[in-house]
Amino acid sequence: MSLITLQDIQLSFGGPPVLDRASLQIEEGDRLCLLGRNGAGKSSLLKLLAGEQSPDNGGIVRRQGLRVALLSQESPPDLSGTVFDVVAGGMGEATALLAEYHRVGQRLAMEGGEELLNRLEALHKALEDTGGWRLHQEVERLLGRLSLDPDLEFATLSGGTKRRVLLARALASAPDILLLDEPTNHLDIDTITWLEEFLLKEIRTFLFVTHDRAFARRMANRVAELDRGRLFAFPCGYDAFVERREALLEAELARRALFDRKLAEEEAWIRQGIKARRTRNEGRVRALLKMREERRQRRERTGTARISLQEADRSGRVVAEAEGVCFAYDGRTIIRDLSTTVMRGDRVGIIGPNGSGKTTLLRLLLGELEPLSGEIRLGTRREVLYFDQMREQLDPAKTVAENVGEGNDTIVINGRPRHVIGYLQDFLFTPERARSPVSTLSGGERNRLLLAKLFTKPSNVLVMDEPTNDLDTETLELLEDLLMEYSGTLLLVSHDREFLNNVVTSTLSVGGDGLVREYVGGYDDWFRQATAEAAAVAAPPPVPAPKKQRTDAEKPRKLSFKEQRELEGLPDRIGRLEQEIEAIHLRLSDPEFYRTAGAEVTVLNRKLEELENELEAAFLRWEELDSLT
């Protein structure tokens, strides 16, 4: 028997149904990834599964005695006390006894006294009588497994640590199914990796909502998508799901095109007049009315955002240069010995644990902070746009349109005026939503709004601090494409590993010790290089081999005078070859060229192949000669 079964569930909040005859089964051992656009109803579905919400229609069948725990996106506002108190709150009836026992134990350790000792013994006995002592040990075991300090105040913790405490609270009830709503949001990469390992080893059955593609790829053995109120389940991993979904969407588009063509033909027929009213054609008229109703009730997929960037004139060749920079705050070193150069067109990823100083590093490179020592030289003609992860550029009391238009009904985009409502529709805000206050928006909508507000201004340096939080997969992929085509300079802080892999060309890693190390490539390239460095440091020093007398044949050969001259001339030769290749590429990419080129197309392609072979040979020769210097 399934652990839980949804049967033809209906759920609506006044508009189109969030769930429209949705059905789903969760079996033991499922690691089910739930996907869908922002606002599709994924969180509502989790609340149904957790028993926190009831459907309008349909049935939910649970296995007898089933325990379900939900880890929500946001911390409950009423949670307070120590970490131990919060985790013990998931234990049910024994919660008050456990919390009191822990508090008295803390006071006894600090103050001593026979009265406290007697109180602790009485609580110990009460826990034994109610079975709560076993639960106390379970809380301590969970805190140990999740590396949590039981005595810290919950309210003082960072966002990532709070998520771990809430995970421990959810696990305290020993659930048969664990429900996770965006579990990686606001977690750093180290904590996300830890969470992946923990879930795979410790939790047998769980359902999770995520837009983190790397997390979904590693964790899911089933995928379900919530689309226009319907649930579609796929018994496969994330990559196979993407392929199958694309095939289904193509088939749906083909079916709808056929339906629309048939409807248009029937509408043309009905307009012919008297012939359509003959008795023998009444059935055809009824079929047309049914088609009209079917078309009226059709729910279209949420559109794709049409995001574009306005680019300013090019900045100077050097955007920012740091040499020996150190920065400290309240006596704590945040950044030390930073030396790096950001050139025009670089796409630089910045990674590191939460609180390590990534935002501080950004502000140093932008010239917003003065280093304690070292020097930062800023480039010329910089037009900077800054995406702030806290979204402080948005006024929650104003409407969506007021935030973007700044009091005006029109804005100028790429030199042309546009009405602010039309512009916001490119970012998937309906006219009604554009007139709503920002305070009513979801996290994903606020991120889209901040992108819309920023992209009304031209830039040549784009700074993005955690832009991927809460964005759905379609918008993420669109933003990736946009940043890949951006000719300016990008500085990107992100914990989304796939986003980093797809966008950046180099990575600055901020360590807990304040050291900033630079690596070529994205997240996977950083991980491979950092792992190799760590292995090299941990490896024992090599035992030197006994020296032996070299023969003349083994002695390194010096460059001849002719080879030295050849080496010196190779850079110029390579440069000329690259210019010739680029010129041919430009001609071949010009549509006008093909109208009159004729046989010249073949000649140019052959010439291009010869030049590319010659360039490769020049690079190999350069390596060969350079190794002898």
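This is a short tutorial dialogue on reading a predicted model.

Q: Let's begin with the sheet. In what order do the three strands of the open sheet lie?

A: To read a sheet, follow the strands from one edge to the other. Here the order is E2-E1-E4, with antiparallel pairing. Strand E2 (19-26) and strand E4 (57-62) are the edge strands, each pairing on one side only. From one strand to the next, the twist averages 10°.

Q: Over how many bridges do strand E1 and E4 pair?

A: Strand E1 (residues 4-11) and E4 are joined over five bridges, in the antiparallel sense. For a landmark in the viewer, find Leu-6, which stands opposite Ile-60 in E4.

Q: Which helix lies across E1, E2 and E4?

A: That is helix H1 (residues 42-50), which runs at about 130° to E1.

Q: Now the interior. Which residues touch the most other members of the largest nonpolar core?

A: For a core, look for the residues that have many partners in it. The largest one has 45 residues, and Leu-424, Leu-449, Leu-451, Phe-455 and Leu-462 touch the most other members. Helix H15 (residues 443-454) gives the most to this core, namely five residues. A second, separate core has 43 residues, among them Leu-195, Ile-203, Phe-208 and Val-223.

Q: With which residues is Leu-451 in contact, leaving aside neighbours within four places in sequence?

A: Its partners on that count are Ile-307, Phe-387, Phe-427, Met-464, Leu-471 and Leu-479.

Q: Why does Val-223 count as buried?

A: Relative accessibility is the value to check, and under 20% means buried. Val-223 counts as buried because its relative accessibility is 0%. You will find Val-223 in strand E8 (residues 222-227). Beyond four places in sequence, its contacts include Leu-32, Cys-33, Phe-232, Phe-234, Tyr-238 and Phe-241.

Q: How many residues apart in sequence are Val-223 and Leu-207?

A: They are 16 residues apart in sequence, and their C-alpha atoms are 9.4 Å apart in space.

Q: Where does Thr-210 lie?

A: Look in the loop between strand E7 (206-209) and helix H8 (213-219). Thr-210 counts as buried because its relative accessibility is 1%.

Q: What lies 3.0 Å from a polar atom of the side chain of Thr-210?

A: For a polar side chain, check what its polar atoms face. In this case the backbone nitrogen of Asp-212 lies at that distance, 3.0 Å. Not counting residues up to four places away in sequence, Thr-210 also touches Cys-33, Leu-34, Leu-35, Glu-182, Thr-184, Phe-215 and Ala-216.

How values were computed
Residues numbered from 1 in each chain as written. Predicted model: local features only at pLDDT ≥ 70, side-chain atom pairs only at ≥ 80, totals over all residues. Heavy atoms only, no water. Core = buried A, V, L, I, M, F, W, Y, C linked by side-chain atoms within 4.5 Å. Buried < 20%, exposed > 50% of the residue type's maximum accessible area, 1.4 Å probe, protein only. Helix = DSSP H or I, 4+ residues; strand = E, 2+ residues; numbered from the N terminus. Contact = heavy atoms within 4.5 Å. Pairing = 2+ DSSP bridges. Axes fitted to C-alpha atoms, helices over the stretch in contact; angles between N-to-C directions. Polar contact = N/O pair within 3.5 Å; in protein donor to acceptor, adjacent residues only side chain to side chain.
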